[in-house]
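Got the model open in your viewer? Let's walk through it one selection at a time, and I'll tell you what you should find at each stop.

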Amino acid sequence: MTPITPAHYVVLSAALFTIGVIGVMVRRNVIVILMSIELILNAVNINLIAFSRQLGDAVGQVFAIFVICVAAAEAAVGLGILLAFYRNKETVNIDEMSLMRW
Amino acid sequence: MGEAIAFYTLAALILGFGVMVITARNTVHSVLFLVANFLFVAALYVLLGAQFLAVIQVIVYAGGIVVLYLFVVMLVNLKRPPEAHRDRRRKSGLGLAISLVVLAEIVAIAAFAVVQPAHLTGPKAALPPEAANNVEQVGWLLYTQYLVPFEVASMLLLVAMVGAIVLARREL
């Protein structure tokens with residue numbers, strides 16, 4: 001069995017990223033779309049930490065902490081917007097959120 | 001050998017739960033699959049020698065963000081299923097095709113990097129005199145070289161907190 005190289009982690013990360021992109025593109029429930037964005041950010045973190053280990057440098061882990069921080073902020077604000085929208089429109093379907101679309 | 005077994009097991013679990021997150025019909029099930037996904041990603045971080053990140057992942061993601069999602073799923077009690085309304089102009093097949101193009105692009109970049117490997121030897125950051133463990137390394141970098149980004153991140157969290165409170169108020 002071949003040893004695990006950073007390429008393996010990059011492939012795993014690419015697959016997880018693509019799953020997230022498919023979720024954003026195909027699903028219509030906004031909560032699921034926000035969760036797909038979390039999957040995408042996790043894929044980025046896997047890349048950062050894999051390269052951090054390959055280079056023997058902890059800077060990648062510091063950047064992963066910043067990514068987690070931004071993900072937390074994004075989740076809080078995104079879900080706040082979703083609650084405000086739900087209070088007005090009684091829906092979380094993204095097909096009905098077309099108020100500002102041309 | 002052991003690392004290979006652990007990696008393939010964790011990769012299969014991560015991808016499997018990732019697919020289940022985006023395919024589950026019930027949103028609560030989706031959130032619970034997301035917790036499992038985050039926990040296995042944390043195990044992958046341990047495999048990569050980033051124990052501090054693994055603990056942060058469990059506390060912030062699996063403990064904090066997911067609880068936020070669960071709260072919203074419970075608050076948004078839907079009288080009709082969220083996916084009932086279907087826009088005739090929506091083209092899910094096109095979205096899937098674009099996603100696969102993204103995958104092809106990433107694979108192409110990775111293949112190019114294999115053909116022409118870049119030499120990733122930048123200047124190393126200054127480490128503490130005896131950088132013993134992972135937590136010490138990360139903490140040292142975070143409080144010396146990356147102090148300003150750290151403070152900016154704290155401001156970002158403060159702004160996000162205020163914004164979430166304002167958005168979720170009753171009279172918007």
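Start by selecting Ile109(B): is this residue buried or exposed? Ile109(B) is exposed, because 12 other C-beta atoms lie within 10 Å, and 12 or fewer counts as exposed. Keep in mind throughout that this is a predicted model. The residue sits in helix 4 of chain B, which covers residues 92-115. Add Ala54(B) to the selection and draw a C-alpha to C-alpha distance: the two are 28 Å apart in space and 55 residues apart in sequence.

Next, slide back to Arg90(B), in the loop that links helix 3 and helix 4 of chain B. Arg90(B) has 13 other C-beta atoms within 10 Å, so this one counts as partly exposed. From Arg90(B) to Leu32(B), the C-alpha atoms are 28 Å apart, with the two positions 58 residues apart in sequence.

**Chain B as a whole**

Now colour chain B by secondary structure. You'll see 6 helices and 0 strands, running α-α-α-α-α-α from the N terminus on. Of the 172 residues in chain B, 23% are buried. If you look at contacts in chain B between residues at least 6 apart in sequence, 44% join residues at least 24 apart.

Pick helix 5 of chain B and show the side chains of Gln137(B), Val138(B) and Leu141(B), the buried residues of this helix. Where do they point? They fall on the same side of helix 5 of chain B, since they cover an arc of only 90° around the axis. Residues three or four places apart in an α-helix point the same way, because there are 3.6 residues a turn. To see what the buried residues of helix 5 of chain B pack against, turn on helix 3 of chain A together with helix 3 of chain B.

**Where the chains meet**

Select the contact between the chains: 62 residues come from chain A and 68 residues from chain B. On the chain A side, helix 1 (6-26), helix 2 (30-55) and helix 3 (59-89) each supply at least two residues. Which of them gives the most? Helix 3 of chain A does, with 22 residues. Colour the chain A side by class and you get 45 nonpolar, 10 polar and 7 charged residues.

Hide everything but helix 2 of chain A and helix 2 of chain B. Their axes are 11 Å apart and pack at an angle of about 5°, which makes helix 2 of chain A roughly parallel to helix 2 of chain B. Light up the residues that make the contact, including Met35(A), Asn42(A), Ile46(A) and Ile49(A) from helix 2 of chain A, and Leu34(B), Val41(B), Leu44(B) and Tyr45(B) from helix 2 of chain B. The residues of this contact divide into 9 nonpolar, 3 polar and 1 charged.

**Inside chain A**

Swap in helix 3 of chain A as the partner for helix 2 of chain A. Here the angle is about 175°, and the axes are 9 Å apart. The two are therefore roughly antiparallel to each other. Among the residues that meet are Leu34(A), Ile37(A), Leu41(A) and Leu48(A) in helix 2 of chain A, and Phe63(A), Val67(A), Ala71(A) and Leu79(A) in helix 3 of chain A. The classes in this contact are 16 nonpolar, 5 polar and 2 charged residues.

Zoom in on Leu79(A), in helix 3 of chain A. With 24 C-beta neighbours inside 10 Å, Leu79(A) counts as buried. Setting aside neighbours within four places in sequence, Leu79(A) is in contact with Leu34(A), Leu68(B) and Val72(B). Ile37(A) is 42 residues away from Leu79(A) in sequence and 12 Å away in space, C-alpha to C-alpha.

**Last stop: the core**

Finally, show the largest nonpolar core, which has 67 residues. Ile46(A), Ile49(A) and Tyr45(B) have the most contacts inside this core. Helix 2 of chain A gives the most to the core, with 12 residues. Centre on Ile49(A) and leave aside residues up to four places away in sequence: Ile49(A) touches Gly60(A), Gln61(A) and Ala64(A) in chain A, plus Tyr45(B), Leu48(B), Ala50(B) and Leu53(B) in chain B.

Notes
Residues numbered from 1 in each chain as written. Chains lettered and ligands numbered in written order. Predicted model: local features only at pLDDT ≥ 70, side-chain atom pairs only at ≥ 80, totals over all residues. Contact = placed C-beta atoms within 7 Å. Helix = DSSP H or I, 4+ residues; strand = E, 2+ residues; numbered from the N terminus. Nonpolar A, V, L, I, M, F, W, Y, C, P; charged D, E, K, R; others polar. Core = buried A, V, L, I, M, F, W, Y, C linked by C-beta atoms within 7 Å. Buried ≥ 20, exposed ≤ 12 C-beta atoms within 10 Å, placed from the backbone. Axes fitted to C-alpha atoms, helices over the stretch in contact; angles between N-to-C directions. Parallel < 35°, antiparallel > 145°, perpendicular 65-115°, else oblique. Arc of directions from axis to C-beta.
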